[in-house]
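Thanks for coming, everyone. Please have the structure open while I talk.

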Amino acid sequence: MMQIKADGQSDVGRVRSSNEDAWGVFPDLRFFTVADGMGGHAAGEIASHMAVDTMHDFIQSSARSSEVSWPADVDSNLPLPVKRLVAAGKLANEKIYQTSHSNPKLGGMGTTMVSVLMDQDTAYVAHVGDSRAYLIRDGKIQRLTEDHSLMNDYISQGLLKIEEAGQHPLRHVITRALGSSGKVDVDVKTVPLSDGDAFLLCSDGLSNLLTDEEMRINGLDSLQDPRAACQRLIDLANKKGGEDNVTVVLITSARP
């Protein structure tokens, strides 16, 4: 089994007054996650932390018990690690949605989510929204997630060029989030692990400001010191304007 090293960092950025991002690094569960909340009156901060806590609790309980209560809309035929991730995301969605509808001050809150669960020599990458996961392998970087956003829909339909999206007035509109409706689809990708792989999870406060190449260069040292690599990425995003909260989690795998 691969040895895992991971860490994360989060920063309010240079424009926002509060940090609505949340992150979790749980090496004992081989589970890692980033959430980027939305909603006024600190609701986004509540939603993102609720997502991290709810997902962590389910990943933990489903690892320890063979008697797991699965949400009704989880496909029983999914591989177990995928089923655990999908169920965790759906449970977080349900909790955030119910909380937002029971408390008027939290109405409309929601959050993105990107997570990695490692099982044996395989990584399972789940996401909802536009927080991203990247794989750094053999000195190259590859994006593993497809944004659930209006801009990505426009680009895939040929209505917009990639270089136009960064300045579009609707560039921050996401089409899927935890808590925005009673049900949610959780996308999961399976990645067989190779020695020396690094996974970078981030909120859009990083990916909107840094190029893939900048993330690759600054993430390459994560095998030695994931925390320092996270901080370098955040510092670079802030140097480029720090327009949003910035959160990064780096996970590295190596053969013992």
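One definition before we start: two strands pair if DSSP finds at least two bridges between them. With that in hand, take β3 and strand β5, residues 113-119. Four bridges join these two strands, and they run antiparallel. Look for Phe31: Leu117 in β5 stands opposite it. And please keep in mind that this is a predicted model.

Now the overall count. The protein chain has seven helices and eleven strands. It has 256 residues, and 52% of them count as buried. What about contacts along the chain? Take those with a separation of 6 or more: 70% of them come from residues 24 or more positions apart.

Let's stay with β3. This strand covers residues 31-38. How many of its eight residues are buried? Seven, so to speak of β3 as mostly covered is fair.

β3 has other partners. One is strand β2, residues 21-26. β2 and β3 pair in the antiparallel sense, over six bridges. Find Trp23, and its bridge partner in β3 is Val34. The two strands form a hairpin, with four residues between them. Arg30 in that hairpin takes a positive phi, near 55 degrees.

Another partner is strand β4, residues 110-111. Two bridges join β3 to β4, and again the strands run antiparallel. Here Gly37 has Thr111 of β4 as its bridge partner.

On to the open sheet. Five strands form it. In which order do they come? The order is β1-β11-β10-β7-β8, and the pairing is antiparallel. β1, residues 3-11, and β8, residues 140-143, stand at the edges. Each has a single partner strand, so one side of each is left without a neighbour in the sheet. Ignoring direction, neighbouring strands of this sheet are turned by 20 degrees against each other on average.

Zoom in on one pair inside that sheet. Strand β7 is residues 132-137, and strand β10 is residues 198-202. Five bridges join them, and they run antiparallel. For an example, pick Ala133: its bridge partner in β10 is Leu201.

Next, the helices on this sheet. Helix α6, residues 212-219, lies across β7, β8 and β10. It runs at about 60 degrees to β7. Helix α7, residues 226-239, also packs on the sheet. α7 touches β1, β10 and β11, the last being residues 246-254. The direction of α7 makes about 30 degrees with that of β1.

Which residues of α6 are buried? They are Met215, Arg216, Asn218 and Gly219. These buried residues pack against β7, β8, β10, α5 (204-207) and α7.

So how do α6 and α7 meet? They pack at an angle of about 145 degrees, with their axes 9 Å apart. α6 passes α7 in a right-handed crossing. On the α6 side we have Glu214, Met215 and Asn218. They meet Ala229, Arg232, Leu233 and Leu236 in α7. The residues of this contact divide into four nonpolar, one polar and two charged.

Between those two helices is a loop, and Asp225 sits in it. Buried, exposed or partly exposed? Asp225 has 40% relative accessibility, so it counts as partly exposed. Its C-alpha atom is separated by 9.5 Å from that of Leu250, 25 residues apart along the chain.

Last stop: another helix pair. Helix α1 is residues 43-64, and helix α2 is residues 80-102. They pack at an angle of about 140 degrees, with their axes 8 Å apart. α1 and α2 are therefore oblique to each other. α1 passes α2 in a right-handed crossing.

Who makes the contact? From α1, the residues include Ala47, Met50, Met55, Phe58 and Ile59. From α2, they include Arg84, Leu85, Leu91, Lys95 and Ile96. By type, the contact of α1 with α2 divides into 13 nonpolar residues, four polar and two charged.

That's my tour. Happy to take questions.

How values were computed:
Residues numbered from 1 in each chain as written. Predicted model: local features only at pLDDT ≥ 70, side-chain atom pairs only at ≥ 80, totals over all residues. Heavy atoms only, no water. Axes fitted to C-alpha atoms, helices over the stretch in contact; angles between N-to-C directions. Parallel < 35°, antiparallel > 145°, perpendicular 65-115°, else oblique. Left-handed = near helix turned anticlockwise from the far one by under 90°. Contact = heavy atoms within 4.5 Å. Nonpolar A, V, L, I, M, F, W, Y, C, P; charged D, E, K, R; others polar. Buried < 20%, exposed > 50% of the residue type's maximum accessible area, 1.4 Å probe, protein only.
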